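Good morning. I will take a few minutes on one protein, and on how its parts fit together. Please have a look at the picture first.

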Amino acid sequence: MTMDNVPNQTVICQCLKLLNVDPSRNTSLDYRARKLFVGSATLLFIEAQLHQRGSYKVIAEHLAANRDFQKFLQLESISAAQLSRKMKQLPMANLQTLFFSIMERIKQQTKNLKGITPGIGKLNLLDSTGVTLPPILAKWCYCSETNHGAKMHTSLVVVDSKTMYPGKIIASTKDIADHEVALEFTVDKDATYVMDRGYQVYEHFQQWLEDKIKFVCRVKENSRLTIIRERELPKRQKGFIRDADVKLPGLPGVFRLIEFYDDQKRTYRLVTNRFDLSAHQIAEIYRNRWHIELFFKWVKQHIRLVKPHGYTPEVIWNQMYIALIAYALCLLVKLTLDCKKSMWDLLQLIRIYAEKPWEDLMKALYRKPTRTSKGRTKRNGRPPKKAKKSMEPRLIIR
């Protein structure tokens with residue numbers, strides 16, 4: 001698959017074309033719409049999410065100032081009030097369909113990647129992130145007197161150290177615990193599901209064992225586990241405390257317990273049904289759980305999921321999917337172009353060259369570095385010492 005090189009078409013229009021969304025009127029979805037259709041509104045909101053446009057007014061002003069974008073959307077102008085109403089009216093099922101179609105294309109493009117660690121296979125990381133909302137405007141998502149908000153439960157597919165994508169999400173209010181939706185995610189027998197202590201439910205462990213769903217879950221320090229037999233600890237790898245077969249309270253299944261500590265002397269207890277791997281490999285699987293934390297941080301910082309355009313359930317759910325579609329679009333561009341730059345570098349270039357011709361982005365992506373210096377030279381084998389700055393405060397009055 002390659003991106004079409006359409007003369008005089010801007011970078012942002014070329015990127016949005018990858019979504020295969022028709023901006024014209026849809027006979028079923030746009031029956032009563034006069035001007036702003038579901039397709040054009042979806043593309044407009046995705047572009048706004050990529051560029052972190054903070055309000056409907058800014059989105060409307062950008063559209064009014066950009067003729068190429070108007071032509072692409074088949075929309076000359078729109079008001080902030082119309083955008084606000086449309087965000088509430090966008091059918092979430094339509095956004096979900098678009099999201100899953102992009103995920104399927106990403107899955108096809110990454111199917112030959114061998115995983116983040118040889119011999120372990122594909123990892124699915126389970127976790128959730130929250131969006132805090134003001135109590136006075138979001139009583140529908142009450143969790144406690146001081147905590148109102150929505151939650152995005154996510155299954156992150158990790159296919160290598162630089163390529164990961166959300167395979168599935170479940171949106172909820174903050175009062176829904178992580179373990180309550182765990183069974184909705186764990187369906188792929190070819191993946192290993194990696195979870196933190198919030199997913200510790202012994203009945204789920206037993207069901208995954210019977211259904212042959214591979215998992216690695218951290219458990220609490222006070223978990224009641226009955227040790228059946230001890231396994232030999234790795235001799236070359238330091239930090240391992242225990243490798244044993246265990247039984248859980250009231251359940252017939254036999255599981256494996258791995259205990260180890262990290263460089264900061266923090267102890268981890270992992271329960272898994274993967275008896276085919278070494279203790280070191282299981283520890284490595286859990287260490288990769290950090291990737292989902294980085295994913296949440298990336299989406300919140302660079303796509304600004306933390307700042308919604310409204311506070312009604314429809315707006316929150318729709319913007320969650322729009323933010324993930326924006327992330328997926330950036331990843332799809334990266335995979336399609338076989339780009340070696342990081343996702344953040346690519347997104348920055350898309351923003352910089354958004355209104356420029358496609359050729360300008362290609363030149364920037366594959367531009368050779370111009371720096372030829374090898375760094376500051378040393379004198380007599382050592383760098384020059386810097387003079388110590390005075391600790392006295394400095395004040396300048398003009």
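I will go through the domains, then the surface between them, then the nonpolar cores.

Keep in mind that this is a predicted model. The domain assignment gives two domains: domain 1, residues 11-93 plus 303-365, and domain 2, residues 121-299. Their C-alpha centres are 34 Å apart.

Now, where do they meet? On one side 19 residues of domain 1 take part, in contact with 20 residues of domain 2. Together the two domains bury about 1,900 Å² between them, and carbon and sulfur atoms give 82% of that area. On the side of domain 1, Tyr311, Leu324 and Tyr327 lose the most area to domain 2, together 34% of what that side buries.

What about polar links? There are 0 salt bridges across this interface by the rule used, and 4 residue pairs in polar contact. Two elements give two or more residues to the side of domain 1 that touches domain 2: helix 11 and helix 12, residues 343-352. Helix 11 supplies the largest share of that side, 9 residues.

Next, the cores. The largest nonpolar core has 102 residues, and those touching the most other members include Leu16, Phe45 and Ile46. Helix 11, residues 313-337, turns up again here, with the largest share of this core, 19 residues. Both domain 1 and domain 2 give residues to this core, so it lies between them.

Take Ile46 as an example: among the residues that Ile46 touches are Leu16, Leu98, Ile322 and Leu329. Apart from this core lies another, of 23 residues, including Leu126 and Cys217.

Conventions
Residues are numbered from 1 along each chain as its sequence is written. This is a predicted model: local features need pLDDT of at least 70, side-chain atom pairs count only at pLDDT 80 or more; totals for chains, interfaces and linings use all residues. Side-chain values use heavy atoms; hydrogens and water are left out. A nonpolar core is a set of buried Ala, Val, Leu, Ile, Met, Phe, Trp, Tyr and Cys residues joined through side-chain atoms within 4.5 Å. Buried means under 20% relative accessible area, exposed over 50%, partly exposed in between (1.4 Å probe, protein chains only). Helices (H or I, at least four residues) and strands (E, at least two) are DSSP runs, numbered from the N terminus. Domain bounds come from an automatic or database domain assignment. Contact means heavy atoms within 4.5 Å. Buried area is the accessible area (1.4 Å probe) that two parts lose on being put together, summed over both. A salt bridge is a side-chain nitrogen of Lys or Arg within 4 Å of a carboxyl oxygen of Asp or Glu. A polar contact is a pair of N or O atoms within 3.5 Å; within protein, one must be able to donate a hydrogen and the other to accept it, and residues adjacent in sequence count only if both atoms are side-chain atoms. Lists of a residue's contacts leave out its neighbours within four places in sequence.
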